Amino acid sequence: MSSPDIAAASAVPQKTRSILAQMGFWWDKVGIFAVLVLLCIFMSIMAPYFLSIDNGLNVARSVSINAILAAGMTMIIITGGIDLSVGSILAVSGVTGVLLFVAGVPSPLALLGGVAAGALAGFINGAFVAWLALPAFIVTLGSMTYLRGIAYSLLEGQPLISSDLGYRAIGNGAVAGIPTPVVVMVVVYLVFWFILERTKFGRHVYAVGGNMEAARLAGINVKKVLLAVYTIGGAAAGLAGIIFSARVLSAQPTAGQSYELDAIAAVVLGGTSLMGGRGRVIGTLVGALIIGVLTNGLVLMNVPFFYQLIVKGVVIVIAVAIDSLRRFGKSGT
Amino acid sequence: MDQVLEDSPLLEVRGISKRFGATQALSDVSFDLRPGEVHALMGENGAGKSTLMKIIAGTYSPDSGSIHMMGNQIVMASPRDAMTAKVGIIHQELNTFPEMSVAENLAVGNEPTTSFMLNRRKMISDAREKLERVGAVNIDPRTPIGRLSVGMQQMVEIARAVAEDVKVLVLDEPTAALSMSESKQLFGLIHQMRDRGMGLIYISHRMEEVWELADRVTVFRDGKLVGTKDMRAAGRDAVSPNDIVRMMVGRDVDDLYGREERELDKVRLEVRDLTDGGAIGPVSFDVRAGEIVTMVGLIGAGRTEVGRLLYGADKVAAGTISLDGRQIRVRNPGDAVAKGIGMLPESRKDQALFLEMSVRDNTAMSTLGAFSTFGVLNFRRMKSKVDEIFTSLRVRAASQSIESRSLSGGNQQKLVLGRLMLEKPALMILDEPTRGVDIGAKSEIYRIIKEIAATGTAVLVISSDLPEALGISDRLLVMREGRIVAEMDAQSATEEVVMEHATGVYADQNPRMTHEQP
């Protein structure tokens, strides 16, 4: 235990500490999933319509874009980084896809072009973080701004409607009754879960976030890992941008504004440590669902928008507090 | 200066003990400093010198014992108390604000003001005055201190202490980063301060400096004060550097190491004129298959740096590395692992472990490629291989899935050794392999190191634990100031001889000895 821990631990009475430790134990066992279940039960009681299949699919579809952004964000945060530019990447990718389609590019290629634009934006973020060792927060704060500028300038500030968009099904269609964005989201999470849990690269992601110097000395190519992680995060944001533009049948330069915050919130709610080295993509999915259920339930309960914001914010702070207390309890025992 | 004043101590500590966890850093140490003397402290790394100085400076509080200043008992609970008591300390690492000017650094905490405004002019003239008192007239008070050389920065720190009118000044390895001429200037200043009646505590590993400066020398070993030699009273010729060295090392080598004969085969590692272009090297040496070679020397002698150069962790400026007769270039640690070099880094927690990852992941981390097909991990293969390693290294872990942070230091070190074994390297570099592990784990680690050597691996150990180095190695390389100054057979070497080389006594004496002989 390091000395700051000791200082912090001794500042809190023994009794409080053991209660916190127990809470931590409880949190470890059932996790954030219990919060989601409790929240769903609460919402079903308060708003009967909440517990219908239609509404369930509605919630799932509404969280899909944030959940896909958050999947990429999880991987980035596990390396100890952050990507504030995902909302802007979403806009640039959506715009790129629609422009390519309008220019006559076959729709599968236009779709891929949008995703590739996202990957490229992520690669550039990664290059600054990995090669120049700049803080991710600053690099992506910058790219958040210039990418938004690019999205505007590609369209000269105006939205571009494309009602016959070739890949509109990815936003509005359904597979066996399940909305396509939800299907895409599930596939994305399976892929991310597999990468993080079952591949060599996944272990390297955790290693880089857990202890970068040790990772380097263990022979891991840290720069390559960082570069890959930001590129993958960019591609995920690009995919989210394609879904978004398909859903609204247009290229919107304002798309995805402040989405990065919801994505980060989902990641943190899901138990991933902002310090890096620890986290699970499944937790992130649950975190995104909590945010979605909260929003949906509060709307069904006719809670005014500004109160919704208060509730959402408070829930995020409480969840993060519980998570840090969990670790605190651990260090106290 | 009259005799009475000179003999009554300025600073005295009585019966000081200090414990850190399982380590008794100081036990029942009594020590005094007279006005107008330079009292040198010597001892191997970890002997307790720095702990005592930190107690005197108020950084640590002792578990028992008392501190007296000019006969009065004082409490040193914080660095502020030390300041009030007129005790100053110049740390090995400088305590300056590099972006601020010399004048600002000298005025920190006591800035001159005119009503509310900072009086910059007065600050600069004050600084000039303070610098003059230590003879550092060539320093411009307006320069940012970070632009000065280390020696000059140290002068500024001493000037600050002198300006505060300290009675006792502790200098912890002050010449470690100084050039020859800067050292000379410092020595002149030390003589001046002594003649002014200040008491100076001088910590150094360099025998020649101690010989030039000290009035008394006190030697520490394993947290105990071994003895004090009064060179002013006895005369310089009555004491020899070898006496001091003997006091520094004198302890018994037990049979912890289980020495045995090893078969040495062909040369596996050949290093020629390797250097980082700066303070390290050029060094040249060989390690044979099955041989354990240990680099010994004092902290800062450059041993870890040589290890890091070989492993590609730092940049090589010149020189060659050959493995099994083929010259190789190591660009980074990943490249080193691929080319057959493994390294156990100096600091387990900071440089080797992933504390929140499982013990399995920690062990397999460098060789995940071998456990995967197209990047997809084969857990069963990984599990059984790690099991094998754990059995042979006797790692005690409840399961392979527990976090590595929950293991003891010894078991954590075995994880890292296991990681290296999976790499099957031709050369294994082990930097302080037994640091911070208990005695039981130590003997197990010695056994593991020998088993590794027995498979034909060339083993290069870096150790600050002399008995260990003598006990487990075939050959010793003694480093001092970035170079290999001696090479000896571990069987016939003694701690005394090693320390003579490591501190520079040997190099000092040998020309003299040849001079005396007809």
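In H6(B), a run of residues is buried (under 20% relative accessible area with a 1.4 Å probe, protein chains only): Gly151(B), Met152(B), Gln153(B), Gln154(B), Met155(B), Val156(B), Glu157(B), Ile158(B), Ala159(B), Arg160(B), Ala161(B) and Val162(B). This is a predicted model, where local features need pLDDT of at least 70, side-chain atom pairs count only at pLDDT 80 or more, and totals for chains, interfaces and linings use all residues. Residues are numbered from 1 along each chain as its sequence is written, chains are lettered from A, and side-chain values use heavy atoms, leaving out hydrogens and water.

So H6(B) is mostly covered, with 12 of its 14 residues buried. Helices here are DSSP runs of H or I, at least four residues, and strands are E runs of at least two, numbered from the N terminus. The cover includes these elements of chain B:

| Element | Residues |
|---|---|
| strand E6 | 87–90 |
| helix H4 | 102–107 |
| helix H5 | 120–133 |
| strand E9 | 168–172 |
| helix H7 | 180–195 |

Just past H6(B), Asp165(B) takes a positive phi of about 65°.

Now for the domains, with bounds from an automatic or database assignment. Domain 1 of chain B takes in 1–86 + 169–250, domain 2 is 95–165, and domain 3 is 262–348 + 425–514. In chain B, 12 residues of domain 1 are in contact (heavy atoms within 4.5 Å) with 15 residues of domain 3. The C-alpha centres of these two domains of chain B lie 32 Å apart.

How values were computed. Buried means under 20% relative accessible area, exposed over 50%, partly exposed in between (1.4 Å probe, protein chains only).
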